[in-house]
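The following exercises concern the architecture of one protein chain. Each task is followed by a solution worked in steps.

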Amino acid sequence: MAPPFNSEPQRTGATRRSAVGLILGAPLVAGCAGSPFGGGGPFGGDQSAGPQQQPSALGSGQVKVGLLLPLSASGNAGVAAQSMRNSAELALAEFQNPNIQLLVKDDNGSAQGAQQGAQQAVDEGAEIILGPLFALSVPGAAQVARGRGIPMIAFSTDSSVAGRGVYLLSFLPESDVNRIVDYAAGTGKRSFAAFLPENAYGNVVEAAFKQAVARKGGRIVAFEKYSGDPSASARTFGQALASADALLLADDGDALVGVADALAANGADLKRLQLLGTGLWDNPRVFANANLRGGLYAAPDPSGFRSFSSRYRAKYGGDPVRTATLAYDGVALVAALARTQGGQRFSPDVLTNPSGFAGIDGLFRFRSDGTNERGLAVMRATPGGGQIVAGSPKSFGA
């Protein structure tokens, strides 16, 4: 694969090395796989939202970009939106004021609000739309964008809302599952089991798990889903684990502790198995749980988010939410493409470049169906936090 060309926002702009790929300056990065569907889970970060009276446009460049965020939504959603807006502003500053203008629209976290915000943005000349954050808000905004023939890069973690011209920049469960199953198979694991929640997130993980195990030539020797209290399902499932050598557990970090404890209490020998997980394992309660200790999970390399958080705190005086990097990388991406790709800057061929791009959270690339693939690290759960077992890839394979 040809090496990527470099767009270092904090330094010299775009220096072309080859015709494919982009690296968005800022260190490679970090943390957890975000909340399950619709962006409505734990956003993390503190409550420092910054000033509330703010301009509806950021930057003064000629290339106009819509940015849809639930700024007036209540609770964590509004806090996350403000942090993402700050991160978009930080990206503009670190890219040395590129030739773009962000048209910031408050979608209020609703489908109607997102559709109205998208309409306002395209009426004002937006060539591409970043956002919205929630799955329920994507279809209406996408309808507007498609009607004008412009692409949209949304932040939802629900891959069902992706599609032609609607790309997702978020952390998708499929990437986590593919990475951790591939790694486990590479270490000799062949007999897989999975114990998953009966919900939308569990359904996506299930489909990805079955495909990944089959692709690696493994076999699934035990599989079960639970709803509510996992104890009842754990009784029968624990007995089915005798022939497994790897067990996938994928749930919200807080719920995961209860799942592991229920399995152990019902006779499952979790120390004999290699436990596998998704980025939702990146949670202090997981690290503190003895039954999950030594488990492996897929997530971005943490170093990038640490560096980003330091720069964010210096500018805004508070911690960013975990989803803030999506807004930063989205703005850095459109800024780099506007600087280097001319009139084709947001065309499907450019956006789905197989070499992909590298931002704060490491490598990512968009597929033609709107979903994404991320280059993730493999982490081990320890009492002191996640430790890197295998680093994130430096390039995508063929």
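**Exercise 1. Helices on the sheet**

Determine which strands helix α2 lies across, and how its direction relates to that of β6.

*Solution.* In this predicted model, α2 (residues 111-123) lies across β5, β6 and β7. The angle between α2 and β6 is about 150°. A further helix, α10, also packs on the sheet, where it touches β5, β6, β7 and β8 (152-154). The direction of α10 makes about 145° with that of β6.

The next step is to place these strands. They belong to an open sheet of six strands, ordered β4-β6-β5-β7-β8-β9, with mixed pairing. Its edges are β4 (57-58) and β9, each of which pairs on one side only. At the β4 edge, two bridges join β4 to β6 in the antiparallel sense, and L58 stands opposite L102 of β6.

Finally, consider the loop between β6 and α2, which contains N108. The phi of N108 is near 60°, a positive value in a residue other than glycine. Most residues other than glycine have a negative phi. N108 counts as partly exposed because its relative accessibility is 41%.

**Exercise 2. The largest nonpolar core**

Identify the residues with the most contacts inside the largest nonpolar core, and the elements that build this core.

*Solution.* The core has 51 residues, and I100, L102, I153 and F155 have the most contacts inside it. Elements that give it two or more residues include β5 (63-69), α1 (75-94), β6 (100-106), β7 (128-130) and α9 (302-316). The largest share, twelve residues, comes from α10.

Take I153 as an example. Beyond its neighbours within four places in sequence, I153 is in contact with residues including I128, I129, L130, L169, L333 and F366. Another of its contacts is G131, and the peptide bond from G131 to P132 is cis, with omega near 0°. P132 lies in the loop between β7 and α3 (138-148).

L169 can be followed in turn. L169 sits in the loop between β9 (166-168) and α4 (173-186). With a relative accessible area of 1%, L169 is buried. Apart from residues up to four places away in sequence, L169 touches I153, F155, L326 and F364, among others. Although L169 and F155 are 14 residues apart in sequence, their C-alpha atoms are 5.5 Å apart.

A second, separate core has 29 residues, among them A222, L241, L256 and A299.

**Exercise 3. A strand covered on both faces**

State whether the residues on the two faces of strand β14 are buried or exposed, and find the strands that pair with β14.

*Solution.* In a regular strand the side chains alternate between the two faces of the sheet. In β14 (residues 296-299), L296 and A298 are on one side, and Y297 and A299 are on the other. These four residues are all buried, and both faces are thus covered.

The pairing comes next. β13 (residues 274-277) runs parallel to β14 and is joined to it by two bridges. β18 (residues 377-382) pairs with β14 in the antiparallel sense over four bridges. L296 takes part in both pairings: its bridge partner in β13 is L276, and L296 stands opposite R380 in β18.

**Exercise 4. Salt bridges and their surroundings**

For the salt bridges E94-R311, E206-K225 and R365-E373, give the N to O distance and describe the burial of the partners.

*Solution.* The count of salt bridges comes to twelve. The side chains of E94 and R311 meet at 2.7 Å, N to O. E94 belongs to α1 and R311 to α9, so this pair ties together parts that are 217 residues apart in sequence. Both residues are buried.

For E206 and K225 the distance is 3.0 Å. E206 is in helix α5 (residues 200-215) and K225 is in strand β11 (residues 219-226), so the tied parts are 19 residues apart in sequence. E206 counts as buried at 18% relative accessibility, and K225 is buried at 17%.

In the pair R365 and E373, the closest N and O atoms are 3.0 Å apart. R365 is buried because its relative accessible area is 15%, whereas E373, at 23%, is partly exposed.

Shared partners also join salt bridges into a network, which consists of E198, E206, K210 and K225.

Notes:
Residues numbered from 1 in each chain as written. Predicted model: local features only at pLDDT ≥ 70, side-chain atom pairs only at ≥ 80, totals over all residues. Heavy atoms only, no water. Buried < 20%, exposed > 50% of the residue type's maximum accessible area, 1.4 Å probe, protein only. Pairing = 2+ DSSP bridges. Core = buried A, V, L, I, M, F, W, Y, C linked by side-chain atoms within 4.5 Å. Contact = heavy atoms within 4.5 Å. Axes fitted to C-alpha atoms, helices over the stretch in contact; angles between N-to-C directions. Salt bridge = Lys/Arg side-chain N within 4 Å of Asp/Glu carboxyl O.
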